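This briefing covers a cavity, a nonpolar core and one charged residue. Have the sequence and the 3D structure open while reading.

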Amino acid sequence: MRSNFKLAMVMLAGVAIGAIAVQGLHAQGAKLKAYSISESEILDPAAQAAYLPTARKLIEAAHGRALRTAAGRVVQIEGGSPPKSAAIVEWDSLDDGVAFYKSKAWMDLAPQRDKAVKVIRRYIVEAEK
């Protein structure tokens, strides 16, 4: 009876160690979230109102999460002048964000986007570990 108890304890310890090792390996492969920031100037508010829902649907289809800041106020805190508009999108990884902005779907939206906004600068920032 005592040897069965020891065997059960050894097996339980092995399962626990294995589970911890698998969790550690999974965490090593986890990608860091990233955020794209688009600084722009609104050229035509009506065109922007028509463009934003389409852009947001494309972003959602690519697993991005628009933080809905494109039509919000931008207030300067430090440094140079702030952009007139700043759109922020959360991505599961830097690679996902870059792939989206290089995608055919995004490129096809360029004529509509160019009527609505003038992009000053767009970049993607990866979150820290």
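**Cavity, core and a buried arginine**

In this predicted model, 21 residues line the largest cavity, and Tyr51, Leu52, Ile59, Ala70 and Ala87 are the ones that lie nearest its centre. Tyr51 is also among the core residues that touch the most other members, and arginine 113 is in contact with Tyr51.

**Cavity**
- The count of cavities of 30 Å³ or more comes to one.
- The volume of the largest cavity is about 230 Å³.
- At least two lining residues each come from strand 1 (34–42), helix 2, strand 3 and strand 4 (117–126).
- Helix 2 supplies the largest share of this lining, six residues.

**Nonpolar core**
- The largest nonpolar core has 14 residues, of which Tyr51, Trp91, Phe100, Tyr101 and Trp106 touch the most other members.
- Two or more residues of this core are given by each of helix 2 (45–61), strand 3 (85–91) and helix 3 (94–101).
- Helix 2 gives the most, with five residues.
- Beyond four places in sequence, tryptophan 91 touches residues including Ile59, His63, Arg65, Asp96, Phe100 and Tyr101.
- In soluble globular proteins, nonpolar side chains tend to be buried together.

**Arginine 113**
- Arginine 113 sits in helix 5 (residues 110–116).
- Arginine 113 is buried but has no salt bridge.
- The nearest side chain of opposite charge to arginine 113 is that of aspartate 114, 4.7 Å away.
- With neighbours within four places in sequence left aside, the contacts of arginine 113 are Tyr51, Trp106 and Arg122.

Key
Residues numbered from 1 in each chain as written. Predicted model: local features only at pLDDT ≥ 70, side-chain atom pairs only at ≥ 80, totals over all residues. Heavy atoms only, no water. Helix = DSSP H or I, 4+ residues; strand = E, 2+ residues; numbered from the N terminus. Buried < 20%, exposed > 50% of the residue type's maximum accessible area, 1.4 Å probe, protein only. Lys, Arg positive; Asp, Glu negative; His and termini not counted. Salt bridge = Lys/Arg side-chain N within 4 Å of Asp/Glu carboxyl O. Contact = heavy atoms within 4.5 Å. Core = buried A, V, L, I, M, F, W, Y, C linked by side-chain atoms within 4.5 Å. 1 Å grid on protein atoms, 1.4 Å probe; cavity = no way out; pocket = protein on both sides within 12 Å on 5 of 7 lines; lining within 4 Å. Points joined across faces, edges and corners; volume = space filled by probe spheres on them.
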